[in-house]
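User: Please take me through this complex one point at a time, with the criterion behind each term.

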Amino acid sequence: MVHVTDPALRAIEHKIDEGISLSREDGMALFRTADIHTLGRLAQTAKERKSGKNVYYVLNRYINSTNVCYANCRFCSFAKGEKDAGAIRMSADEVIAKALETGTNFNQIHIVGGHDPRQLSLDYWLPVMRRLKELVPHAQLSFFTAAEIDYLARRHRLSADEICAQLREAGLDNINGGGAEVFAPRVRALICPNKVDAARWLEIHEVAHRHGIASNATMLYGTVETLEERVDHLIMLRESQRRSPGFNAFIPLAFHPDGNELSHFGWTSGLDDIRMFAISRLLLDNFDHIKAYWMIQGLKVCQLALQFGADDMDGTHGSTDEERIYHSAGTQSAQHVDDREFRRLIEEVGYTPVRRNSTYETFAFDWTPDSGAPAELAHA
Amino acid sequence: MALADALDRAATGGRLTEGEAVRLYAQAPLHELGAAAHARRMQLYPTTDVTYVIDTTINYTNVCNVHCTFCAFFRPEHHAEGYTMSHDKVLDRVKFAADQGATQIMIQGGVNPELRITWFEELFARVRREFPDVDIHSLSVSEITGLAAIENMTPRDVLARLREAGLKSLPGAGAEILVERVRKRISARKVRPDEWLGVMRDAQQLGMPTTVTMMFGSIETEAERIEHLRVVRDLQDETHGFTAFIPWYYVPFKTPLRGREASGIAYLRTLAISRLFLDNVPHLQASWLTPGLKLGQLALFYGCDDMGGTILEEQVVHDAGSTNEATRAQLETIVRGAGFTPVIRDTYWNLRPEMALATA
């Protein structure tokens with residue numbers, strides 16, 4: 001029994017079933033439809049075609065190594081000037097100690113920071129990466145956004161190719177998806193005028209993919225952008241993935257309004273969140289994963305997102321981790337969700353929790369690196 | 001397949017059996033359950049209007065002798081943190097709300113055995129005299145039966161006297177789960193299911209409309225939730241006195257019972273099955289206060305046609321750790337953002353378009 005109340009969705013369903021990529025017009029129809037139940041059904045079907053009943057998550061550490069940043073993005077509540085009260089800049093030793101302070105039972109270290117002239121340099125990071133690879137060889141390094149890599153490249157006068165080669169050699173496994181915001185130049189001029197532009201963001205990911213570095217992609221929705229600009233952003237990602245495959249997951253990031261210059265936009269709505277998950281699943285037919293990052297939209301909405309196309313809930317974060325980007329901007333999410341709770345949340349939705357690393361190799365639940373046993377592939 | 005047929009039938013107003021509802025609630029895919037509930041809501045109200053009432057809750061006392069384990073608000077008698085407001089203080093709160101356009105006040109508290117019926121009669125008479133445009137939609141069944149015990153009267157006589165004093169309608173609070181086994185565990189000293197329904201019948205027969213709630217997500221099974229819906233539907237067949245059904249979920253933080261919060265998906269599924277099963281209850285209300293504005297908005301696609309009240313002041317739920325607050329403007333923004341049109345109503349579901357926000 002199928003109640004399709006919006007006829008436009010019938011044609012879209014037909015295209016999806018035929019494996020035809022959706023057009024810009026299709027994307028707009030999905031943003032405008034009031035038939036959210038059909039939208040949800042199509043997205044959930046697309047998710048199950050990609051990943052069956054699996055929902056992925058990672059045991060990880062999350063570190064914001066510096067909040068010193070001179071990009072001055074207007075949506076940001078996190079950045080500080082070097083001399084501001086509240087500026088936090090970790091030394092290399094502090095970063096390593098933080099990563100290891102609760103043991104080594106994790107498969108990923110996720111680090112992002114600011115455009116910090118003192119910290120964001122190869123002299124700082126290459127040794128950190130090499131040491132972590134020695135200390136926790138089973139953990140993948142998911143470091144930087146393309147915005148930070150662009151900064152590194154410019155500071156060291158290196159091409160994208162050269163910087164990616166050096167980072168890969170030092171152990172970089174994955175580039176985080178941040179810094180994409182919304183690709184439209186109009187939007188970037190308004191919300192992040194000093195940040196890497198769309199062409200450069202995409203170039204860095206595409207080059208990184210050719211060097212064997214995987215990556216994710218994001219979109220920050222809920223400020224000045226139009227629905228057309230959201231659709232165009234997704235289509236640009238789809239085209240980039242065709243040119244140089246290597247994106248694993250797309251992560252819709254909801255704008256958070258506390259403590260920044262764009263507060264007047266307020267919180268995104270539940271419907272907007274759910275639409276973003278569903279539409280990104282349907283438009284990004286060459287992305288394997290859509291991630292509902294529990295810290296951003298909250299556990300309740302992210303669980304719901306699993307029935308609207310998402311198949312990943314990101315990571316547990318460590319029990320002593322302090323995420324600061326979204327917590328500065330008003331999220332009410334906790335800092336940490338433990339392994340057992342993660343699995344329960346996924347099972348509650350009727351799906352099978354699957355532990356993964358950054359590149360979506362999967363692991364049995366009982367495997368811990370501390371036991372010295374080799375990573376065992378789970379029956380994903 | 002039989003289950004799909006049942007869903008189709010309910011989507012167009014046909015009656016579900018309890019067994020069908022149990023199976024649909026457990027097994028129907030979310031999107032199909034939601035589509036059917038939304039179709040039924042659009043059949044009942046073929047309009048994008050979504051109503052809400054400007055109201056306030058005044059928790060006049062937290063002293064209570066019922067001691068429900070799911071409650072973080074109450075204090076036993078003689079507890080240092082117990083309070084009871086003076087009539088003047090309650091009237092101040094009514095004025096605060098009336099100044100902001102409230103048409104309804106919900107005066108609700110614990111069951112405080114020191115308060116006699118005359119205390120309520122005098123209070124209601126003053127509210128009616130000083131704020132004739134504000135409807136007194138107040139007290140719960142437990143407070144009525146509490147008064148009946150103190151005064152050695154029947155609940156019906158208590159209701160008749162309070163109605164005389166100005167009580168216009170009764171909120172559906174204290175229903176929790178109208179199943180004996182559950183009540184014994186979470187509210188052993190509260191009225192039994194048949195007593196709760198009996199007081200509602202009395203109120204409705206006296207001409208007072210009432211709402212009815214369900215608090216789900218504590219210790220009850222899914223089948224017991226459906227049983228709750230069934231006893232409500234049975235009484236409604238007899239009286240037609242319920243205006244709206246209001247499911248809300250148990251907030252476990254800070255309560256003696258503890259436990260886990262229901263998921264957002266469980267909330268939406270519960271709304272949908274309620275809309276489909278309660279074919280004779282006119283309205284289904286979204287409760288944004290506990291689930292938050294995001295789920296409160298999504299509720300509009302799962303059978304709800306009403307956003308409840310603005311609740312300009314609220315104590316009970318906040319004490320249990322819920323931090324959501326919404327102003328009228330916020331409520332209207334989420335209703336519009338979902339493609340619906342916010343419309344103000346009063347306690348009796350009369351539309352009050354003259355009270356629309358100036359920016360609307």
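User: Which exposed residues does the face of α2(A) turned away from its buried side carry?
Analyst: This is a predicted model, in which local features need pLDDT of at least 70 and side-chain atom pairs count only at pLDDT 80 or more, while totals for chains, interfaces and linings use all residues. Residues are numbered from 1 along each chain as its sequence is written, and chains are lettered from A in the order in which they are written. A residue is exposed if 12 or fewer other C-beta atoms, placed from the backbone, lie within 10 Å of its own, buried if there are 20 or more, and partly exposed in between. On the face of α2(A) turned away from the buried side, the exposed residues are A:Glu25 and A:Arg32.

User: What arc do the buried residues of helix α2 of chain A cover around the axis?
Analyst: Helices are DSSP runs of H or I with at least four residues, and strands are E runs of at least two, numbered from the N terminus. In α2 (residues 24-32) of chain A, the buried residues are A:Asp26, A:Gly27, A:Ala29 and A:Leu30. They lie on the same side of α2(A), because the arc, taken from the directions from the helix axis to the C-beta atoms, is only 160 degrees.

User: Which helices of chain A do the buried residues of α2(A) pack against?
Analyst: Packing is judged here by contact, which requires the C-beta atoms of two residues, placed from the backbone, to lie within 7 Å. By that criterion, the partners of the buried residues of α2(A) are α1 (8-18), α3 (36-51), α10 (227-243) and α11 (270-283) of chain A.

User: What is the radius of gyration of chain A?
Analyst: Chain A has 15 helices and eleven strands. The globule rule, 2.2 Å times the number of residues to the power 0.38, gives 21 Å for 380 residues, so chain A is as compact as a globular protein of that length, its radius of gyration over C-alpha atoms being 20 Å.

User: Which helix gives the largest share of the side of chain B that touches chain A?
Analyst: In the interface, 23 residues of chain B are in contact with 20 residues of chain A. Helices that each supply at least two residues to the chain B side include α1 (2-11) and α11 (264-277). The largest share, eight residues, comes from α3(B).

User: Over which residues of chain B is the pLDDT below 50?
Analyst: The pLDDT, the predictor's confidence in each residue from 0 to 100, averages 92 in chain B, where 94% of the residues score at least 70. The stretch below 50 has 14 contacts in the model beyond near neighbours in sequence, and it covers residues 321-326.
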